[in-house]
Amino acid sequence: MPILTYNGQQYPLHTEKTLLENLESQAVSVEFHCREGHCGACRSKLISGKVTYSQFPMAYLRGDEVLLCCSKSEENITIDAP
Ligand code: FES
């Protein structure tokens, strides 16, 4: 199973879940609001790895940022809170 590293802590990555759902299932406290890619509240910094979006996120993102609520990953991924 791939690994999700968030703020230096490692968690198993369930590839069928969003990154936000993965962190919630591990009881990690994460900022979010809309859960639909609009508000940007879940914006986080992508350190390494790749994400895919089920639909193109509406919130503005810089090149090294991801939206946790609507992205998934198939591989080891490292993310830091903003
Ligand atoms: S919670 Fe609103 S964009 Fe992710």
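Biologist: Why is Thr5 called buried?

Modeller: Thr5 has a relative accessible area of 13%, and the label needs under 20%, so Thr5 is buried. Bear in mind that this is a predicted model. Thr5 sits in strand S1.

Biologist: What does Thr5 touch, not counting residues up to four places away in sequence?

Modeller: Gln10, Ile77, Thr78 and Ile79. Contact here takes heavy atoms within 4.5 Å, and those four meet it for Thr5.

Biologist: Ile79 makes me think of the core. Which residues of the largest nonpolar core touch the most other members?

Modeller: Tyr6, Leu23, Leu68 and Ile79, out of 19 residues. Strand S1 (3-6), helix H1 (19-25), strand S5 (65-67) and strand S7 (77-80) each bring in at least two core residues. H1 gives the most, with 3 residues.

Biologist: And which residues does Leu23 touch, if those up to four places away in sequence don't count?

Modeller: Leu4, Tyr6, Tyr11, Val28, Val30 and Leu68.

Biologist: Staying with helix H1, what makes Asn22 count as buried?

Modeller: Its relative accessible area is 1%, and the limit is under 20%, so Asn22 is buried. Asn22 belongs to helix H1. Leaving aside neighbours within four places in sequence, Asn22 is in contact with Leu4, Pro12, Leu13, His14 and Lys17.

Biologist: Which backbone atom lies 2.8 Å from a polar atom of the Asn22 side chain?

Modeller: The backbone nitrogen of His14. A polar contact needs a pair of N or O atoms within 3.5 Å, and 2.8 Å fits for His14 and Asn22. The Asn22 side chain also reaches the backbone oxygen of Lys17, at 3.4 Å, which is within the 3.5 Å cut-off too.

Biologist: Now Arg43. Is Arg43 buried, partly exposed or exposed, and why?

Modeller: Arg43 has 26% relative accessibility. Buried stops at under 20% and exposed starts over 50%, so Arg43 lands in between, as partly exposed. Its place is in strand S3 (residues 43-48).

Biologist: Which backbone oxygen lies 2.8 Å from a polar atom of the Arg43 side chain?

Modeller: That of Tyr60. Set against the 3.5 Å cut-off, the pair is a polar contact. Tyr60 is also on the Arg43 contact list, with Ala59, Leu61, Glu65, Val66, Leu67 and Pro82, once neighbours within four places in sequence are left aside. As for Gly63, 20 residues from Arg43 along the chain, the two C-alpha atoms are separated by 12 Å.

Biologist: Another arginine, then. How do you know where the charged end of Arg35 sits?

Modeller: Over the ring of Phe32, 4.8 Å from its centre. The distance limit is within 6 Å, and 4.8 Å passes. Aromatic pairs, by contrast, come to a count of 0.

Biologist: How many disulfides are there by the rule?

Modeller: The count is 0. Cys70 is in none; its nearest cysteine sulfur, that of Cys69, is 3.9 Å away. The rule asks for within 2.5 Å, so Cys70 and Cys69 don't qualify.

Biologist: Why do Cys69 and Cys70 count as buried?

Modeller: Cys69 has 9% relative accessibility and Cys70 has a relative accessible area of 10%. The label goes to values under 20%, so Cys69 is buried and Cys70 is buried as well.

Biologist: What makes the phi of Asn7 worth flagging?

Modeller: Most residues other than glycine have a negative phi. Asn7 is not a glycine, yet its phi is positive, about 50 degrees. Asn7 is found in the loop between S1 and strand S2 (9-12). With 43% relative accessibility, Asn7 is partly exposed. Ala27 gets a flag as well, with a positive phi of about 60 degrees although it is not a glycine. Ala27 is in the loop between H1 and S3.

Biologist: Why are Ala27 and Phe56 called exposed?

Modeller: Exposed means over 50%. Ala27 has 70% relative accessibility, so the label holds, and Phe56 has 73%, so Phe56 counts as exposed. Phe56 lies in the loop between strand S4 (52-53) and S5. Its C-alpha atom and that of Ser71, 15 residues apart along the chain, are separated by 9.6 Å.

Conventions
Residues are numbered from 1 along each chain as its sequence is written. This is a predicted model: local features need pLDDT of at least 70, side-chain atom pairs count only at pLDDT 80 or more; totals for chains, interfaces and linings use all residues. Side-chain values use heavy atoms; hydrogens and water are left out. A nonpolar core is a set of buried Ala, Val, Leu, Ile, Met, Phe, Trp, Tyr and Cys residues joined through side-chain atoms within 4.5 Å. Buried means under 20% relative accessible area, exposed over 50%, partly exposed in between (1.4 Å probe, protein chains only). Helices (H or I, at least four residues) and strands (E, at least two) are DSSP runs, numbered from the N terminus. A polar contact is a pair of N or O atoms within 3.5 Å; within protein, one must be able to donate a hydrogen and the other to accept it, and residues adjacent in sequence count only if both atoms are side-chain atoms. Rings of Phe, Tyr and Trp (its six-membered ring) pair if their centres lie within 6.5 Å; planes under 30 degrees apart count as stacked, over 60 as edge-to-face and the rest as tilted. A charge sits over a ring if NZ of Lys or CZ of Arg is within 6 Å of the ring centre and within 35 degrees of the ring normal.
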